[in-house]
Amino acid sequence: MVYGYIRVSTDRQTVDNQRFEIERFCSQNNLKIDHWIEETISGTKSPEKRLLGSLLAEVRKDDLIICSELSRLGRSLFMIMSILNHLMMNEVRIWTIKDNYRLGDNIQSKVLAFAFGLSAEIERELISQRTKEALARKRSEGIVLGRPSGKKSSYVKLSGCEHEIKALLDRRFSKSAIGRIYGVNRMTVDAFLRDRLLIQ
């Protein structure tokens with residue numbers, strides 16, 4: 001299946017220009033759009049609140065999504081990279097016209113995978129550093145750290161990431177994939193999800 005994805009931010013904008021670009025691109029590359037997805041919504045909205053979320057759940061291996069540029073997918077780098085990572089893991093291709101991006105089985109995709117993994121690792125390091133600084137501050141204030149013996153900790157490595165993890169689940173990321181992003185194993189993710197009632 002070949003999908004054409006179009007997004008504009010306001011009613012004052014028109015989808016016509018993006019549709020024209022995609023149709024011209026398809027004509028030049030002997031492609032035909034099987035299904036169009038058009039929406040008027042801000043790119044700051046999470047994919048699950050957009051038609052894009054339904055598209056991400058629908059696409060399958062070897063499907064192709066064509067859009068005018070990467071910014072149509074979202075307004076933040078992390079959101080765009082999360083979407084691209086989801087597509088890459090499911091072997092779905094995405095091509096953009098203006099920035100000439102091709103996600104598939106190529107070096108560009110491998111670079112993206114590395115970049116996504118690196119950004120996740122940097123984020124984990126930043127979280128770890130903030131945690132260490134907060135603990136050091138509490139110690140300096142004389143606060144006794146730790147939990148009473150035998151009491152289960154309410155804080156785990158994934159604490160504070162509930163919203164992001166729920167979003168990844170909604171985009172059909174596997175528990176193993178989520179574990180790789182946050183540097184934990186699948187069983188840790190599963191226990192965290194059940195403890196926080198994110199899954200039954």
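Me: In this predicted model, does K166 count as buried, partly exposed or exposed?
Reply: The model is predicted, so the value is computed from modelled coordinates. Buried means under 20% relative accessible area and exposed means over 50%. K166 stands at 36% relative accessibility, so K166 counts as partly exposed.

Me: Which residue does K166 meet in a salt bridge, and how is the pair placed in helix α5?
Reply: The closest approach of the two side chains is 3.1 Å, N to O. The two residues are 4 residues apart in helix α5 (residues 162–170), which means a separation of about one helical turn. The partner is partly exposed, with a relative accessible area of 34%. The residue that meets K166 is D170.

Me: What is the distance between the closest N and O atoms of K175 and D190, and where do the two residues lie?
Reply: K175 and D190 form a salt bridge. K175 lies in helix α6 and D190 in helix α7 (residues 186–195), so the pair ties together parts that are 15 residues apart in sequence. Both K175 and D190 are buried. The closest N and O atoms are 2.6 Å apart.

Me: Why is helix α6 described as largely enclosed by the rest of the structure?
Reply: The buried residues of α6 are K175, A177, I178, G179, I181 and Y182. After α6 comes G183, with a positive phi near 75°. Helix α6 covers residues 175–182, and it is largely enclosed because the number of its 8 residues that are buried is 6.

Me: Where is R172 found, and what is its phi?
Reply: R172 is found in the loop between α5 and α6. At 52% relative accessibility, R172 counts as exposed. R172 is a residue other than glycine with a positive phi, near 70°.

Me: Where does D62 lie, and what is its phi?
Reply: D62 lies in the loop between α2 and β3. D62 counts as partly exposed, at 49% relative accessibility. It is a residue other than glycine, and its phi is positive, near 75°.

Me: Which element supplies the largest share of the largest nonpolar core?
Reply: The largest nonpolar core has 20 residues, and those with the most contacts inside it are Y5, L55, I65, L73, L84, L87 and I94. At least two residues of this core come from each of β1 (2–8), α2 (51–58), β3 (64–67) and α3 (77–89). The largest share, 5 residues, comes from α3.

Me: Which residues does L55 touch, not counting residues up to four places away in sequence?
Reply: L55 is one of the residues with the most contacts inside the largest nonpolar core. Not counting residues up to four places away in sequence, L55 touches Y3, Y5, I37 and I65.

Me: How many residues are in the other core?
Reply: This core lies apart from the largest one, and among its residues are F173, I178, I181 and L193. I178 and I181 are also among the buried residues of α6. The other core has 13 residues.

Me: R72 is buried yet has no salt bridge; which side chain of opposite charge is nearest?
Reply: R72 has its place in the loop between β3 and α3. A salt bridge needs a side-chain nitrogen within 4 Å of a carboxyl oxygen. The nearest side chain of opposite charge is 4.1 Å away from R72, and it belongs to E69.

Me: Which backbone oxygen does the side chain of R72 reach?
Reply: Not counting residues up to four places away in sequence, R72 touches Y5, R7, V8, Q18 and R50. The side chain of R72 reaches a backbone oxygen at 2.7 Å, that of R7.

Me: With which residue does E69 form a salt bridge?
Reply: The closest N and O atoms are 3.7 Å apart. The pair links distant parts of the chain, 29 residues apart: E69 is in the loop between β3 and α3, its partner in the loop between β4 (93–96) and β5 (102–103). E69 is partly exposed at 21% relative accessible area, while K98 is exposed at 53%. The partner of E69 is K98.

Me: What is the geometry of the aromatic pair formed by F25 and W95?
Reply: The structure holds 1 aromatic pair. F25 lies in helix α1 (residues 16–28) and W95 in strand β4, so the pair ties together parts that are 70 residues apart in sequence. Both F25 and W95 are buried. With 6.3 Å centre to centre and 85° between the planes, the pair is edge-to-face.

Key
Residues numbered from 1 in each chain as written. Predicted model: local features only at pLDDT ≥ 70, side-chain atom pairs only at ≥ 80, totals over all residues. Heavy atoms only, no water. Buried < 20%, exposed > 50% of the residue type's maximum accessible area, 1.4 Å probe, protein only. Core = buried A, V, L, I, M, F, W, Y, C linked by side-chain atoms within 4.5 Å. Contact = heavy atoms within 4.5 Å. Lys, Arg positive; Asp, Glu negative; His and termini not counted. Polar contact = N/O pair within 3.5 Å; in protein donor to acceptor, adjacent residues only side chain to side chain. Phe/Tyr/Trp six-rings, centres within 6.5 Å; stacked < 30°, edge-to-face > 60°.
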